Amino acid sequence: MRKPVAASFRDLAVQLPTRQDAYSDLQNRHMPDPLTCMTTAGHPVDGVLHVGVRADQPLPDYRACGASPCIYVDPEPAIHNRLADQFADDPWHIAVAAACSDRRGAGASGDAGLDASPVAPESVDDRASALCTIDDLVENHSPRRCPNLLVIDVPGSELRVLRGALRTLASVDGVFLSVSEAPLHPGGCTLTEIQIFLIPYGLLPRWLELDRSGRGRAFFSRPAPEAEILPTYGGNVALGKWAAQSSLSEWSRPTVAEEAGQAVNGQITGDCSFHTDIEDNPWWFVDLGQVHTLSELRIYNRPGPYRARARTLKVLTSRDSKTWQEIHDQAGYSFGGAAGRPLRILLEQHAARYIALRLAERTCLHLDEVEIY
């Protein structure tokens, strides 16, 4: 059992405003959104789980950061239908009609369409399908990688929702949520209770803003990770090798070989080095010249919102360019690049001469650099 942490939010937080600062001209101040908080804390947003999509609060533009998948959870039919229509063209932005609580069949109180009173025992079976935990949602909709940003907007019921996220909280980098210094309803939680619950998971208070009634928003996150020193093994065997791609775009160089070869020139630029046209299942390919025993493939993505285009990446290898083996499926998860978290595919003495990258949807393929060790 975790021991309570006997410290106040202001004792632990870094660069938090004082209560007086929070009061002053609050109406004229822009409250940071979850994406801004994550960036300031030094964490890229890889995936999002947003619980409580309230009609009176604007939804952050998660597409703008290239996060994938993003899961939006709210039991209100009008809100769910609006989200489903908004993201109908994108299978990796997922709208779920459900209410979150600490366990299945246990309603949380508060607004955002959640129950204002405990669920009566005789009604649990009828409503259980619409009541779930955050851990359930992650297991069902993002099983291979937990979204690293959790946003909760269910005023007064945040702690009950968090108690259903015990596995998830061990993996997330940031939690952005509504808070209140005093309970908003019987059984409701307080800011102090939330901080005591989150700190043992390594999620520390980073930002707080409250209005005169003691209600507002708070952000908790892990410390920013240190820069990772990646192994170089025996050297990058893809460097300078002949490459090709499925098509050229209006931004491409004159020839396929010249364009595709930019991805193996040894320069990680933080931009895209090659760019195909928009097409079904675009691909990129490199010939290593001879069969090599490989330890790792490292792929640096284009940054920003366009990095989501690489989320269905599949990696295939071959010894003879005739028989191919799929060794990796990104399956809808975005990944990073020069700023951190490139895609790393670790291999155990895998022999191959040809490496192909292919997307499993209609889009364009553009990456920064491909390294093969």
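The following exercises, each with a worked solution, concern a predicted model of a protein.

**Exercise 1. Overall composition**

Task: State how many helices and strands the protein has, and what share of its residues counts as buried.

Solution. Begin with the secondary structure: the protein contains ten helices and 17 strands. Next, consider burial: 53% of the 373 residues count as buried. The accessible surface amounts to about 17300 Å², and carbon and sulfur atoms contribute 50% of that surface. Finally, turn to the contacts with a separation of 6 or more: 73% of them are between residues 24 or more positions apart.

**Exercise 2. A pair of aromatic rings**

Task: Classify the geometry of the aromatic pair Phe176 and Trp207, and determine which strands the pair ties together.

Solution. A pair of aromatic rings is described by the distance of the centres and the angle of the planes. The structure holds nine aromatic pairs. In one of them, Phe176 and Trp207 have ring centres 6.0 Å apart and planes at 10 degrees. Planes under 30 degrees apart count as stacked, and the pair of Phe176 and Trp207 is accordingly stacked. The next step is to locate the residues: Phe176 belongs to strand S7 (residues 174-180) and Trp207 to strand S8 (residues 204-210), so the pair ties together parts 31 residues apart in sequence. For burial, the cut-off is under 20% relative accessible area. Phe176 has 7% and is therefore buried; Trp207 has 13% and is likewise buried.

**Exercise 3. An edge-to-face pair and its cluster**

Task: Describe the geometry of the pair Trp242 and Phe285, and name the aromatic cluster that contains these residues.

Solution. The ring centres of Trp242 and Phe285 are 6.1 Å apart, with 80 degrees between the planes. Planes over 60 degrees apart count as edge-to-face, and this is the class of the pair Trp242 and Phe285. Trp242 is in the loop between strand S9 (215-221) and strand S10 (243-245), whereas Phe285 is in strand S12 (residues 283-301); the two are 43 residues apart, and the pair links distant parts of the chain. Phe285 is buried because its relative accessible area is 15%. To complete the picture, Trp242, Phe285, Trp324 and Tyr354 form one aromatic cluster.

**Exercise 4. The two faces of strand S1**

Task: Identify the residues on each side of S1, and state the sense in which S1 pairs with S2 and with S6.

Solution. In a regular strand the side chains alternate between the two faces of the sheet. In S1, Val48 and His50 are on one side, with Leu49 and Val51 on the other. These four residues are all buried, and both faces of S1 are thus covered. As for pairing, S1 runs parallel to strand S6 (residues 149-152), joined by four bridges; within S6, Ile152 is the bridge partner of Val51. S1 also pairs with S2 in the parallel sense, over four bridges, and Ile71 in S2 stands opposite Leu49.

**Exercise 5. Two loop residues**

Task: Decide whether Cys65 and Ser101 are buried or exposed, and list their partners.

Solution. Cys65 lies in the loop between strand S1 (48-51) and strand S2 (70-73). Its relative accessible area is 17%, so Cys65 is buried. Leaving aside residues up to four places away in sequence, Cys65 touches Leu35, Val45, Gly304, Pro305 and Arg307. The C-alpha atoms of Cys65 and Leu35 are 7.9 Å apart, although 30 residues separate the two in sequence. Ser101 is located in the loop between strand S4 (99-100) and helix H5 (124-127). With 0% relative accessibility, Ser101 is buried. The side chain of Ser101 makes a polar contact of 3.4 Å with the side chain of Arg160.

Note on methods: Residues numbered from 1 in each chain as written. Predicted model: local features only at pLDDT ≥ 70, side-chain atom pairs only at ≥ 80, totals over all residues. Heavy atoms only, no water. Phe/Tyr/Trp six-rings, centres within 6.5 Å; stacked < 30°, edge-to-face > 60°. Buried < 20%, exposed > 50% of the residue type's maximum accessible area, 1.4 Å probe, protein only. Polar contact = N/O pair within 3.5 Å; in protein donor to acceptor, adjacent residues only side chain to side chain. Contact = heavy atoms within 4.5 Å. Pairing = 2+ DSSP bridges. Areas by Shrake-Rupley, 256 points an atom, 1.4 Å probe, with all protein chains shown as cover.
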